[in-house]
Protein chains: 2
Amino acid sequence: MATKQRGRPRSFDRETALEQAMQAFWEHGYDAVSIADLTRAMDIKAPSLYAAFGDKRTLFEEAVEAYVHSYAVFTVKTLAEAPTARGAVDRLLHEAAVSHTLPGLPRGCLLISAATNCSEQSSDVAEALKERRNAGIAFIERRIAADVAAGVLPAETDARALAVYTGTVLQGMSQQARDGADRATLEAVADFAMQAWPPEHAGETSSDAG
Amino acid sequence: MATKQRGRPRSFDRETALEQAMQAFWEHGYDAVSIADLTRAMDIKAPSLYAAFGDKRTLFEEAVEAYVHSYAVFTVKTLAEAPTARGAVDRLLHEAAVSHTLPGLPRGCLLISAATNCSEQSSDVAEALKERRNAGIAFIERRIAADVAAGVLPAETDARALAVYTGTVLQGMSQQARDGADRATLEAVADFAMQAWPPEHAGETSSDAG
DNA sequence: CTCTTTCTTTAGCGGTTGCTACAGAAAGAC
DNA sequence: GTCTTTCTGTAGCAACCGCTAAAGAAAGAG
């Protein structure tokens, strides 16, 4: 049933090329990476790029998906699986300290830093990443609110503010990683950040909430 | 003694034009703002821009200076004048909540967000802002270390990590402001952030240190 | 007035941008 | 082998990039 692909086969590995494009976008951002930069990084010519990935914007969107799949799925996983919101965020911050300073890869988080400086005509690219970031914070907020409802976190906890605080630290850590902070420093930052969290009511979890 | 200026006088106000350029850079970043964008925002033609400000990079540097003078001098002032490092940072974070969300102005902090996505050939612009950010953190670190030495903060306080934590929150707040967080939310973030700070030893100040 | 100085304007430089038409190359179908 | 399909490389499109030469306009000096 599987009829063989007709015509001349592609001479490059699509996944590898996408990975190279992703790293270029990760390091310099959407607007700052030109098609010439991409074809150099991916080691293919422009027509091959356009045939395989559409246009620059579509390639970027696919690169974002690849980034999420490779380096950010742990976020959702951690938030969903950890027994409490506090434990989840603690792990999240420490995992960020690691993933933002991986050797041989660009610093920081692509979702945070790849579309900060955008011209007017690519403002929708910036908007898309902004919505991803805010969705992440909303996700953390729901996790916190569940723990508040379950009595794990104090009833007076402002779930929204605590979630935004957590997102603020995460986004600041990305910037710090790009500015040269190493993993150990970011781990120390994560430890400090967790001391602002309200204490948990021991002996209870909200793992059934969500 | 004051001989009058010869030749045709400038038909625009240099400071006003610089202010417009600064806001354009503030909102979109160095690379994403073209000369055409600038001449439109400043309401002058390109040769007038080049005659008055040199080239794009020089104009950006002057815009950064103008930004610091208008919106960031309070930082150094606060750090130098507040009786303790803790009090200084507390004021700093709340002032940031205000200045990052001023109505009618771009969101966030120019020093943090105006050179995040840079092409290779303008990497020195990014480097210059990065050094400003790290110098700010080093300044906070010295203020903390002085309080530790004076016994105001616990002896075991890691001044470097606490300073980087503070910078992380400040930079995250800028990102949050750009992502839509309002002043009240950022103030709540600032309050959370301060709860990670170690307690002060009451009845003592380090106002003589520095 | 003329002369000099400095600004403003028009017009356009060489280079780069994202993107593509077109011809040639490499595969399967027959 | 030929035909069809699909990818690759060359070469180049219109539009924009940062920047500037050249000419005209507006001021003071004489």
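How far is a phosphate oxygen of DNA strand D from an N or O atom in the side chain of Lys56(B)? The separation is 2.9 Å.

## Basis of the model

This is a predicted model, in which local features need pLDDT of at least 70, side-chain atom pairs count only at pLDDT 80 or more, and totals for chains, interfaces and linings use all residues. Residues are numbered from 1 along each chain as its sequence is written, chains are lettered from A and ligands numbered from 1 in the order in which they are written, and side-chain values use heavy atoms, with hydrogens and water left out.

The average pLDDT (the predictor's confidence in each residue, from 0 to 100) of chain A is 94, and 95% of its residues score at least 70. Over residues 206-210 of chain A, pLDDT stays under 50, and the model has eight contacts beyond four places in sequence for them; contact means heavy atoms within 4.5 Å.

## Interface of chains A and B

In chain B, 38 residues are in contact with 38 residues of chain A. The two chains bury about 3300 Å² between them, 55% of it from carbon and sulfur atoms; buried area is the accessible area (1.4 Å probe) that two parts lose on being put together, summed over both. Asn117(B), Asp179(B) and Phe192(B) supply 21% of the area that chain B buries against chain A, more than any other three residues.

Two salt bridges are counted between the chains, a salt bridge being a side-chain nitrogen of Lys or Arg within 4 Å of a carboxyl oxygen of Asp or Glu. Arg133(A) and Asp179(B) form a salt bridge through their side chains, at 2.6 Å from N to O. The elements of chain B that give two or more residues to the side touching chain A are H6 (110-113), H7 (123-149), H8 (159-178) and H9 (183-194); helices are DSSP runs (H or I, at least four residues), numbered from the N terminus. The largest share, twelve residues, comes from H8(B).

## Surface near DNA strand D

DNA strand D is surrounded by 24 residues, the closest being Gly7(A), Ser11(A), Ile35(B), Tyr50(B) and Lys56(B); a residue is near a strand if one of its heavy atoms lies within 4 Å of it. Of the strand D atoms within 4 Å of the protein, 72% belong to sugar or phosphate and the rest to bases.

An N or O atom in the side chain of Tyr50(B) is 2.9 Å from a phosphate oxygen of strand D. For Lys45(A), a polar side-chain atom lies 3.5 Å from a phosphate oxygen of the strand. H3(B) gives the most to this surface, with three residues.

Note on methods:
Polar contact = N/O pair within 3.5 Å; in protein donor to acceptor, adjacent residues only side chain to side chain.
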